[in-house]
Amino acid sequence: MSPKNRRHANAATVVLVREARIAYHATGAPIPDARAGSGDESAAYMRAALPTDDPREHFAVLALDSKHRVIGHYLLSVGTLDATLVHPREVFRFAVLAGAAKIVIGHTHPSGNPTPSTDDLALTRRIVNGGTLLGIACIDHVIVGCNYGGPMPATALSLRSTNPAIFVE
C-alpha cells in the first residue's frame, strides 16, 4: 500500500478488566430454618468462624443454599477496636458469586459484650432490605463477644432471636 492510500485510524483505548474472584470455603454445615429455630446453630457457627482473641472487629458472611446449608463463608472486613467498615454492596457481591439463596451475617465485639449497638441494628436493617430487593434473604445477624482465650466459650447473640421484627420476610 502506498503512503498516499494509507488511512489513519482513530486511537483506541484498551482497558484491562479483572474478573471478580472471591475465595470461600465450602463446609456443608447445616443451619436450621430460621423461622423454626432460635438461631443457636447460626451463633455456634459464627462463634467458630470468627476470631475471639483479636482486639479488632471482624465481619463475616455465611452463604446458605435453599435448605439452610452453609455453602461458603467469607471474612469481609477487619476493622478497629470498636468499628469495622461494611457496606451491603460487598456483602451481596460475595452472596451472588457464591450462589447463595440466603445469608447469615456476623461480627465480633472485642469488648466481650455482644449487645448490639444502634449502628449494628441500622446495618442489619440495610442488609435485610438489600437482600429483599435481590431475593437473597438475610436470615440472621450474630454478634460474638471476644473472650481472648478465656476458659469460658465466647458469648454469641442472634439478633433474629432478640429482634425478630428486623427479619420480617
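This note goes through a predicted model point by point, from the overall fold to single residues and the largest pocket.

1. Overall layout. The protein chain holds four helices and five strands. Along the sequence these come in the order α-β-β-α-β-α-β-β-α. Of contacts between residues at least 6 apart in sequence, 70% join residues at least 24 apart.

2. Surface and interior. The chain has 169 residues, and buried residues make up 42% of them. About 10,000 Å² is exposed, and carbon and sulfur atoms supply 55% of that area.

3. Strand 1. This strand spans residues 58–64, and seven of its seven residues are buried. The cover extends to both faces: H58, A60, L62 and L64 lie on one side, F59, V61 and A63 lie on the other, and all are buried. A reader who looks for an open face on strand 1 will therefore not find one, since both of its faces are covered.

4. Neighbours of strand 1. Strand 1 pairs with strand 2 in the antiparallel sense, over seven bridges. Strand 1 is also joined to strand 3 by six bridges, and that pair too runs antiparallel. A60 can serve as a reference residue for both pairings: its bridge partner in strand 2 is L75, while in strand 3 A60 stands opposite G106. A further pair between strand 1 and strand 3 is L62, which stands opposite V104.

5. Strand 3. Strand 3 is largely enclosed by the rest of the structure, because eight of its eight residues are buried. On one side the buried residues are K102, V104, G106 and T108, and on the other they are I103, I105, H107 and H109. The list includes a lysine and two histidines, K102, H107 and H109, as well as the nonpolar residues. Strand 3 is joined to strand 4 by eight bridges, and these two strands run parallel. In that pairing H107 stands opposite I143 of strand 4.

6. The hairpin of strands 1 and 2. Five residues lie between the two strands of this hairpin, and H68 takes a positive phi there. H68 is in the loop between strand 1 and strand 2. Its phi is near 65°, a positive value in a residue other than glycine. Is H68 buried or exposed? With a relative accessible area of 5%, H68 is under the 20% cut-off and so counts as buried.

7. Y148. A second positive phi in a residue other than glycine is found at Y148, with a value near 50°. Y148 lies in the loop between strand 4 (137–145) and strand 5 (156–158). Its relative accessibility is 40%, so Y148 counts as partly exposed. H68, by comparison, is buried.

8. G72. This glycine is placed in strand 2. G72 has a relative accessible area of 0%, so it is buried. G72 and V61 are eleven residues apart in sequence, and their C-alpha atoms are 8.3 Å apart in space.

9. G79. The position of G79 is in the loop between strand 2 (70–78) and helix 2 (88–98). Leaving out residues up to four places away in sequence, G79 touches R56, E57 and T84. G79 and E57 are 22 residues apart along the chain, and 5.1 Å separates their C-alpha atoms.

10. The largest pocket. Its volume is about 250 Å³. The lining has 13 residues, and those closest to the pocket centre are E57, A83, T84, D119 and D120. Two of these, E57 and T84, are also contacts of G79. Two elements give two or more residues to the lining, namely strand 3 (102–109) and helix 3 (118–134). Which element gives the most to the lining? That is helix 3, with three residues.

11. Character of the pocket lining. The residues of the lining divide into four nonpolar, five polar and four charged. Strand 3, which is among the elements that contribute to this lining, is also the strand whose eight residues are buried.

How values were computed: Residues numbered from 1 in each chain as written. Predicted model: local features only at pLDDT ≥ 70, side-chain atom pairs only at ≥ 80, totals over all residues. Heavy atoms only, no water. 1 Å grid on protein atoms, 1.4 Å probe; cavity = no way out; pocket = protein on both sides within 12 Å on 5 of 7 lines; lining within 4 Å. Points joined across faces, edges and corners; volume = space filled by probe spheres on them. Contact = heavy atoms within 4.5 Å. Buried < 20%, exposed > 50% of the residue type's maximum accessible area, 1.4 Å probe, protein only. Areas by Shrake-Rupley, 256 points an atom, 1.4 Å probe, with all protein chains shown as cover. Pairing = 2+ DSSP bridges.
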